[in-house]
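Let's take a walk through this model, starting with how far to trust it and then moving on to the parts worth a closer look.

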Amino acid sequence: MKTLAAFLLAVSLLALPLHAQDRKTIRVDQLVADNPGDQGMTNLLTAKLISYLTKYGVSVVESGGSDADAVLTGSFQVASATTNGNTRYHVQGAMRLTDKDGKVLWGDVVHSGPFASSATSSFAENVAKKVAAFWGPSQKTENKAR
């Protein structure tokens, strides 16, 4: 019985690197801000989005890489409202995932959470969750195997 368990463990460990090579990758293009002069916010949101995508198990290649299976693009706007001296920010955007030929694979409107302490982090995390849910069960099974 122990020999069988050891054999199955060895086979699964050998197959793991082969399975990891089939992992699909996404390239995140620079997001487009509603206010074109807000490059700092665009850079911050793009960086947070990449961080959250990797946190949720999506393989991301650098923006210059052409070997990605899909490209994530989108545009966003930041709105603020002040009540009783407290300013709350809200981010909303339209995101889409396209294949190498430009065919849209997934698209959605995404918002930051209404009570988020960071609207940009909330927005990036919500996008990453939706992309990870769409991008496939192979990503989820790889994460469980680790």
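Over residues 4–21 the pLDDT (the predictor's confidence in each residue, from 0 to 100) stays under 50, and the model gives this stretch five contacts beyond four places in sequence, a contact being heavy atoms within 4.5 Å. Residues 139–146 also sit below 50, with 15 contacts beyond near neighbours in sequence. The chain as a whole averages 80, and 74% of its residues score at least 70. Confidence bottoms out in helix 1 (residues 2–21) at a mean of 43 and peaks in strand 6 at 96; helices (H or I, at least four residues) and strands (E, at least two) are DSSP runs, numbered from the N terminus.

This is a predicted model, so local features need pLDDT of at least 70 and side-chain atom pairs 80 or more, while totals for chains, interfaces and linings use all residues. Residues are numbered from 1 along each chain as its sequence is written, and side-chain values use heavy atoms, leaving out hydrogens and water.

Now for helix 2. Its buried residues (under 20% relative accessible area, with exposed over 50% and partly exposed in between, using a 1.4 Å probe and protein chains only) are T42, L45, T46, K48, L49, Y52 and L53. Looking down the axis, they fall within an arc of 170 degrees (taken from the directions from the helix axis to the C-beta atoms), so they line one face of the helix. G40 and K55 are exposed on the other side. The buried set packs against several elements, including strand 4 (70–83), strand 5 (86–99) and helix 3 (119–135). Just past helix 2, G57 adopts a positive phi of about 85 degrees.
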